Structure formats: structure tokens, C-alpha cells
Amino acid sequence: RCAPASTLGGAIASAMSGPRRPYAGAARDFVLGVRCVNGRGELLGFGGRVMKNVAGYDVSRLMCGAFGTLGVLLDISLKVLPLPPCEITVARACDAAEAIAAMNRIAGSALPLSASSHDGEWLRLRLSGADSAVRAAAAALGGVTVDNAATYWDALRDQELAFFRAPGALWRLSVPSTTPPLALPGAQYIEWGGALRWL
């Protein structure tokens, strides 16, 4: 599920991995190979179509986050995973310090966590996997079960929430997940178990 204007090339070129990134891996971890056109108009190919195919430096992964500066992407071979059979999002009200502590505590447990965020008021935790494991984890965590949670996570991934539409500069900071709330003015949004801070 992607925003109507989203493209696979754009996701790879910008390396925007979304809320599942700390639990499933970054976009670059799924790139097996690419074909591209460089600034001289040369057609280049790197990597391949299977997992064990790279000898030497894996140039295809350099394309992630390069914003097209290394070449225009024509073809991208990716490793894909099936959608989890069950997903439940639970939420509870808390402040940022409590949310960061909870995210780190839960990430260190065996619960099937696949996304976490704190919007300044609500801590949301998405659980993904086998039906019985997800339901048991949701019951253990408590909180309120979020209806239509997929819409929320898609909007967060595509930066379509009201937070991202506010006027002014938007900063994206990558910090250690245990970093306390940043003493900076303005609203903050926390993702990736505390490791990604939007200001």
C-alpha cells in the first residue's frame, strides 16, 4: 500500500523505509540488483536477481538514498516478504519520556513488534505475525486497540499526518533509541522505537 504518487524508484532513491524499518530492515537491505543510466548515458547493471550473487562492493545498495545522483534507476530487483497474517495496533496515552522507555523495553522483549510511534500524546505499537502470538502480545501490552490502524501507519510512512503539514521547517534526526526527549521548541514526533525524531 502506497500513496497514489509513490513509486518504487522514489522509495529506493530516497531510502524512506517507513515505520517497519527497525524491525524488518531498511529499504537498502532488500535491494538485490539495479539497472541504471549514469550521467554519461551509459547503461549499467549491478547485483542480480537472487540473494547470493554479489562479489566485491555491492554498488546496487549505494542507490538507496542517492536521490538519483549516481544514475537514473531503470530496473530494481528486490527481496520480498509475505504480508503478516495478523496485525493489531494498541495505543495508550503517555508523555514522551514514558513512550521512549516503553518502546525500548518492548523492543528488548520477544513480542512481535513491527512499528512504534509517539505523537506527543499517544504511544502506538503495531504487532505483526501469527494470529495467536499477536493476540497474546496485544493482551499482554494492554491499552486501546486501534481501529483502521493501517490507514494511520500508511499516513505516517508517507508523511501525510497533520504533523507533517504544519508550516515551517521539518527536521529528521536519527539518534540512539534511548535518547531522552529533546529539549527543543516545537512539536516532536517519535518513531523507530525512539531512534527517529521528527521536529
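A pocket here is an open set of grid points with protein on both sides within 12 Å along at least five of seven lines. With that in hand, here are my notes on this predicted model.

1. **The second largest pocket.** By that definition, the second largest pocket has a volume of about 210 Å³. Its lining is made up of Phe163, Phe164, Ala166, Pro167, Gly168, Ala169, Leu170, Trp171, Pro185, Gly186, Ala187 and Leu199. Sorted by class, these residues give 10 nonpolar, two polar and no charged.

2. **The aromatic residues at this pocket.** Phe163 and Phe164, which both help to line the second largest pocket, are buried. They also belong to one aromatic cluster, together with Tyr189 and Trp198. The model has five aromatic pairs in total. In the pair formed by Phe163 and Phe164, the ring centres are 5.2 Å apart and the planes meet at 90 degrees, so this one is edge-to-face.

3. **The largest cavity.** Turning to enclosed space, you will find two cavities of 30 Å³ or more. The largest cavity has a volume of about 80 Å³. Met16, Ser17, Gly18 and Pro19 contribute to its lining, as do Leu156, Arg157, Gln159, Arg172, Glu191, Trp192, Leu196 and Trp198. That lining splits into six nonpolar, three polar and three charged residues. Among the contributors, α5 (149-157) and β10 (196-198) each provide at least two residues. Trp198 is worth a second look, as this lining residue is also a member of the aromatic cluster with Phe163, Phe164 and Tyr189.

4. **The second largest cavity.** This one holds about 40 Å³ of space. Around it are Val90, Ala91, Arg92, Leu123, Leu125, Leu141, Gly142 and Gly143. Two elements, β4 (86-93) and β6 (122-129), give two or more residues to this lining, and β4 gives the most, with three. By class there are five nonpolar, two polar and one charged.

5. **Helix α5 and its neighbours.** Which residues of α5 are buried? They are Ala149, Tyr152, Trp153, Asp154, Ala155 and Leu156. These buried residues pack against three strands named β4, β5 (113-118) and β6, and also against α6 (162-165) and β9 (189-191). Leu156 appears again in the lining of the largest cavity. The strands β4 and β6 are also the ones that supply two or more residues to the lining of the second largest cavity.

6. **Charges over tryptophan rings.** Trp153, one of the buried residues of α5, has Arg126 over its face, at 5.2 Å from the ring centre. Elsewhere, the charged end of Arg21 sits over the ring of Trp192, 5.4 Å from its centre. Trp192 is itself part of the lining of the largest cavity.

7. **Two positive phi values to check.** Most residues other than glycine have a negative phi. Where does Ala15, with phi near 55 degrees, lie in the chain? Ala15 is in the loop between α1 (8-14) and α2 (21-24), and it is partly exposed, with a relative accessible area of 26%. Gln159 also has a positive phi, near 55 degrees, and it is placed just after α5, in the loop between α5 and α6. At 27% relative accessibility, Gln159 is partly exposed; its name also appears in the lining of the largest cavity.

Technical notes. Residues numbered from 1 in each chain as written. Predicted model: local features only at pLDDT ≥ 70, side-chain atom pairs only at ≥ 80, totals over all residues. Heavy atoms only, no water. 1 Å grid on protein atoms, 1.4 Å probe; cavity = no way out; pocket = protein on both sides within 12 Å on 5 of 7 lines; lining within 4 Å. Points joined across faces, edges and corners; volume = space filled by probe spheres on them. Helix = DSSP H or I, 4+ residues; strand = E, 2+ residues; numbered from the N terminus. Nonpolar A, V, L, I, M, F, W, Y, C, P; charged D, E, K, R; others polar. Buried < 20%, exposed > 50% of the residue type's maximum accessible area, 1.4 Å probe, protein only. Contact = heavy atoms within 4.5 Å. Phe/Tyr/Trp six-rings, centres within 6.5 Å; stacked < 30°, edge-to-face > 60°. Lys NZ or Arg CZ within 6 Å of the ring centre and 35° of its normal.
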